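Subject: A structure for you to look at

Hello,

Here is the structure I promised to pass on. Please open it alongside this email, and read my notes below as you look around.

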Amino acid sequence: MYSASDLRKGLKIEIEGQPWIITDFTFSKPGKGQSIYNCKMKNMLTGQTQNRSYRSNDKLEKPNLSDRPMVYSYIDGDEYIFMDENYVQASLKSDLLGEDRHFLTEDLEVDILFFNEGPVGITLPNFVFKTIIETEPGAKGDTATNVMKPAKIEGDYEIQVQLFVNEGDTVKIDTRTGEYVERVR
């Protein structure tokens, strides 16, 4: 069980039998009375968001969450299939994956988050390597400035890359921000 003083951004709590993650958090101490903890939360099953306030003596439930390392296998319609070393499969719908689905590649090792033995989320590695499938060619001599151009990667996701990056190049992408890091040779 958590107390209100344990609240922080990224903490996972259980409200009315559903797992929630705190996406934003503020603390205020009025001149009189108890401290107030204001939280913006997202439901990990439905994606619904809500704001809630807690007093310093409030108690919150810990959700029954566990992480399991799994490998991305394939896509089946709207579901993404993952498998562990014992060939046990787990599937996640594309709406639960959100933007993370664009960074999946075959045999990519990820951590699947389970709530009461059902998959609810994914943790990608910090960096993935993807190939540029569509971009405009860069002009020679334009490499001194940090000018960016749009490029499409495998998985139909658009990023901003430097001018010298061309189609067929492999780039390193930060999955936490979805941004280009560097070209890989």
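Please keep in mind that this is a predicted model. A good place to begin is an open sheet built from four strands, which run in the order S2-S3-S4-S5 with antiparallel pairing. Strand S2 (12-15) and strand S5 (49-55) are at the edges with a single partner strand each, so one side of each has no neighbour in the sheet. From one strand to the next, the twist averages 40°. As general background, the strands of a sheet pair through backbone hydrogen bonds, in either a parallel or an antiparallel way.

Within this sheet, have a look at strand S3 (residues 18-28) and strand S4 (residues 36-43), which are joined in the antiparallel sense over eight bridges. If you want a spot to zoom in on, Phe 25 stands opposite Cys 39 in S4.

Now the overall picture. The protein has one helix and 16 strands. Its radius of gyration is 21 Å, well over the 16 Å that the globule rule gives for 185 residues, so the protein is more spread out than a compact globule. The C-alpha trace spans about 65 × 50 × 25 Å along the principal axes. Of the 185 residues, 35% count as buried. The protein exposes about 11100 Å², and carbon and sulfur atoms supply 44% of that area. For contacts between residues at least 6 apart in sequence, 44% join residues at least 24 apart.

One residue to visit is Ser 73, which you will find in strand S7 (residues 65-76). Is Ser 73 buried or exposed? Its relative accessibility is 18%, and because buried means under 20%, Ser 73 counts as buried. Leaving aside residues up to four places away in sequence, Ser 73 touches Ile 81, Phe 82, Met 83 and Glu 106.

Finally, try the loop between strand S10 (109-115) and strand S11 (118-123), where Asn 116 sits. Glu 117 belongs to the loop between S10 and S11 too. Most residues other than glycine have a negative phi. Asn 116, however, has a positive phi of about 50° although it is not a glycine. For Glu 117, phi is near 70°, again a positive value in a residue other than glycine. As for the surface, Asn 116 is partly exposed, with a relative accessible area of 46%, while Glu 117 is exposed at 56%.

Enjoy exploring!

Best wishes

Conventions: Residues numbered from 1 in each chain as written. Predicted model: local features only at pLDDT ≥ 70, side-chain atom pairs only at ≥ 80, totals over all residues. Heavy atoms only, no water. Pairing = 2+ DSSP bridges. Helix = DSSP H or I, 4+ residues; strand = E, 2+ residues; numbered from the N terminus. Axes fitted to C-alpha atoms, helices over the stretch in contact; angles between N-to-C directions. Rg over C-alpha atoms; globule rule 2.2 N^0.38 Å. Buried < 20%, exposed > 50% of the residue type's maximum accessible area, 1.4 Å probe, protein only. Contact = heavy atoms within 4.5 Å. Areas by Shrake-Rupley, 256 points an atom, 1.4 Å probe, with all protein chains shown as cover.
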